[in-house]
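Open your viewer, switch to a cartoon view and get ready to click around. We'll go from the whole chain down to single residues.

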Amino acid sequence: MEVELERMQVFFPASLEIQEELLKAGFKVPYDKESGRKTPVPVVVSSRAERRLRRDRLLKANDFESDGKFALVLGERATLEMEPTERGFLVLRPKPIQYHLEEMGFVSVPPRIWGTWASFSLPFSAYEKLTEFLNEFGSRETKGLYLASRGSGKRIEVYAYKGRNRKDLGIPVFGYALGLHGLTLADEYLRENAEENGVPEERLRYLKLGLKKRKETRAGLKVGIVWENGKPSEITLKLSTTEPRVRIQGLYGELMGKSRGELTRTDDWYIVVHAEDFVNALNKVMGAFG
């Protein structure tokens, strides 16, 4: 089954592992005060709706308009494939067909401290199709599933988590892989920055800029629904990791944050959960407003 995504954002700047890999290769990540050279780790974004942002935050895009100060990225396409396995798992495969790269804007909390670092939004119209597709895995038994919410006023996001101590994670994730390999724009971006930073181009072929789950990685997927004015508008899936902690030597001292997994070379994107957890979590959040 394949569903069109409304939005997709993968915050690779949240990974100290990728930052360290680029630093070791000779890139100035994210910014060198003395030389003025910078190589911010890109956020990979795909949005069906047009996206307006400051021109200096747009690192790479195929189709955009600009007035010099702001950039307007035109609508893009991304999909999510869902494949149940014989053992009861569900493999989610995000595919950024059209996308762009952004520099992380200023935030008060560094992304390495965040739990969530990858987010996928589906139109709510896909709900019926999803539950019908996964009907054989659903059950009325929702023991161990709890609800949490964020937002206020007209827009509230309700998501499910499994286990009282997993509020910051969601349902268990048994494997994942996400990375910059295989993305043409990321390859162009790194080649351009390699030249500016004096990094030998042949060094790029040895870089590991993908992440996969380690055995010890504590990972989860928040399955949620956004309610606007009391009506459901979209389905959200958010990949989070909280442990273990990692330390790296940045340009200006030691940095500590949440591990995003083991460095790897991969152009295969996937997230693996239990199909039963997924559909029961979806039904649980659907019933939040009765």
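Here is a tour with a few stops, and keep in mind that this is a predicted model.

**Stop 1: the whole chain**

Start zoomed out, with everything selected. The chain has 4 helices and 21 strands, so colour by secondary structure if you want to find them. The C-alpha trace spans about 60 × 45 × 35 Å along its principal axes. Is that what a compact globule would give? Let's look at the radius of gyration: a compact globule of 290 residues would come out near 19 Å, and the chain has 19 Å, which agrees.

Now switch on the surface. About 14,400 Å² of the chain is accessible, and 45% of that belongs to carbon and sulfur atoms. Buried residues make up 51% of the 290 residues. Contacts also reach across the sequence: among those between residues at least 6 apart, 74% join residues at least 24 apart.

**Stop 2: helix 1**

Select residues 16-25, which form helix 1. How many of its 10 residues are buried? The count is 8, so helix 1 is largely enclosed by the rest of the structure. To see them, pick Leu-16, Glu-17, Ile-18, Gln-19, Glu-21, Leu-22, Leu-23 and Ala-25. Then show what covers them, which includes helix 3 (184-197), strand 15 (210-212), strand 18, strand 19 and strand 20 (262-264).

Step just past helix 1 and you reach Gly-26, with a positive phi of about 115°.

**Stop 3: the largest pocket**

Stay around Gln-19 and look for open space. Rolling a probe the size of a water molecule over the atoms shows where empty space is left. The largest pocket has a volume of about 600 Å³. Its lining is made up of 25 residues, and Gln-19, Pro-30, Pro-110, Pro-111 and Arg-112 are the ones nearest its centre. Helix 1 and strand 19 (253-258) are the elements that give two or more residues to this lining. If you colour the lining by class, you'll get 16 nonpolar, 5 polar and 4 charged residues.

**Stop 4: backbone oddities**

Most residues other than glycine have a negative phi, and most peptide bonds are trans. Let's visit some exceptions.

- Click Pro-30, which sits in the loop between helix 1 and strand 3 (43-47). The peptide bond leading to Pro-30 from Val-29 is cis, with omega near -10°.
- Go on to Pro-244, in the loop between strand 17 (231-243) and strand 18 (245-250). A cis peptide bond joins Glu-243 to Pro-244, and omega is about -5°.
- Finish with Asn-229, in the loop between strand 16 (218-228) and strand 17. Asn-229 isn't a glycine, yet has a positive phi of about 55°. Is Asn-229 buried or exposed? At 58% relative accessibility, Asn-229 counts as exposed.

**Stop 5: Met-8**

For the last stop, select Met-8 in strand 2 (residues 7-11). Met-8 is buried, with a relative accessible area of 0%. Which residues is Met-8 in contact with, leaving aside neighbours within four places in sequence? Show Val-44, Val-45, Ser-46, Pro-96, Ser-119, Phe-120 and Trp-269 as sticks, and you have them.

Before you close the viewer, draw a distance line from Met-8 to Ser-121. These two are 113 residues apart along the chain, but their C-alpha atoms are separated by 6.4 Å.

Key: Residues numbered from 1 in each chain as written. Predicted model: local features only at pLDDT ≥ 70, side-chain atom pairs only at ≥ 80, totals over all residues. Heavy atoms only, no water. Buried < 20%, exposed > 50% of the residue type's maximum accessible area, 1.4 Å probe, protein only. Contact = heavy atoms within 4.5 Å. 1 Å grid on protein atoms, 1.4 Å probe; cavity = no way out; pocket = protein on both sides within 12 Å on 5 of 7 lines; lining within 4 Å. Points joined across faces, edges and corners; volume = space filled by probe spheres on them. Nonpolar A, V, L, I, M, F, W, Y, C, P; charged D, E, K, R; others polar. Rg over C-alpha atoms; globule rule 2.2 N^0.38 Å. Areas by Shrake-Rupley, 256 points an atom, 1.4 Å probe, with all protein chains shown as cover.
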